[in-house]
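User: I'm new to this one. Could you take me through the spot where the ligand sits?

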Amino acid sequence: MIYFIGFMGVGKSTIAKEIATKFNRKFIDTDKIIEGIEKKTINNIFKEKGEEYFRELEKKTLRKIKQNEIVACGGGTPIFNNNMEYINKTGISIYLKDSINSLLTKLENTQKKRPLIKKLNRPELKKYIELELIEREKIYKTATYTINIQNKSIQETLREINPLISTF
Ligand code: S3P
């Protein structure tokens, strides 16, 4: 498996989908699978059943993924339930790293569909990213590879990732 990890909004699904197409592998997105199982949006799962329930489903979903798939993980997936350990045991992981300001811009446009940040105003969102990124990076950084995507186009990012995938 090749797992893409990183902060909310960084572009894991976009990059993972492109890689899956290029290498003719199946693409999956853990959040999409969970939404399919529950027949609810991530927002509604959090609202109706709570984060703990979501994290349990996320853990189970991760452990059901088949060999050879290209996986876009939720931003919190590696953080909970020893998932990062599982990820690194079962495949290679690629941490897509971006700057706080770039994450802020990307998230401002899409924060409504993300339960953990949907109600934050701009300064609160920036603070959230700053604090959460410090904590989460401790785990993200244990990925097999870290790709700095700051100021890079999708094409440039893909050019950096392609050689890593070719060797697997
Ligand atoms: C989360 C990230 C989201 C989604 C959920 C929780 C997180 O995925 O799993 O809202 O804890 O960072 P994206 O990274 O695709 O936004």
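Analyst: Here is a walk around the ligand, followed by a quick look at the chain that holds it.

A word on the basis: this is a predicted model, where local features need pLDDT of at least 70, side-chain atom pairs count only at pLDDT 80 or more, and totals for chains, interfaces and linings use all residues. Residues are numbered from 1 along each chain as its sequence is written, and side-chain values use heavy atoms, with hydrogens and water left out.

Start with the neighbours. There are 13 residues around the ligand, and Lys12, Asp31, Arg55, Arg114 and Arg136 come nearest (a residue is near if one of its heavy atoms lies within 4 Å of the molecule). That shell splits into 5 charged, 5 nonpolar and 3 polar residues (Asp, Glu, Lys and Arg count as charged, Ala, Val, Leu, Ile, Met, Phe, Trp, Tyr, Cys and Pro as nonpolar, and the others, Gly among them, as polar).

Now zoom in on the ligand's oxygen atoms. The side chain of lysine 12 has an N or O atom 2.6 Å from a ligand oxygen. Arginine 114 also brings a polar side-chain atom to 2.6 Å from an oxygen of the ligand. With glycine 76 it's a backbone N or O atom, 3.2 Å from a ligand oxygen. How much of the ligand does the protein bury? Taken alone, the ligand exposes 390 Å², and the protein buries 93% of that (areas by the Shrake-Rupley method with a 1.4 Å probe).

Stepping back, the protein chain has 8 helices and 5 strands (DSSP runs: H or I of at least four residues for helices, E of at least two for strands). From the N terminus, they go β-α-β-α-α-α-β-α-β-α-α-β-α.

Notes:
Polar contact = N/O pair within 3.5 Å; in protein donor to acceptor, adjacent residues only side chain to side chain.
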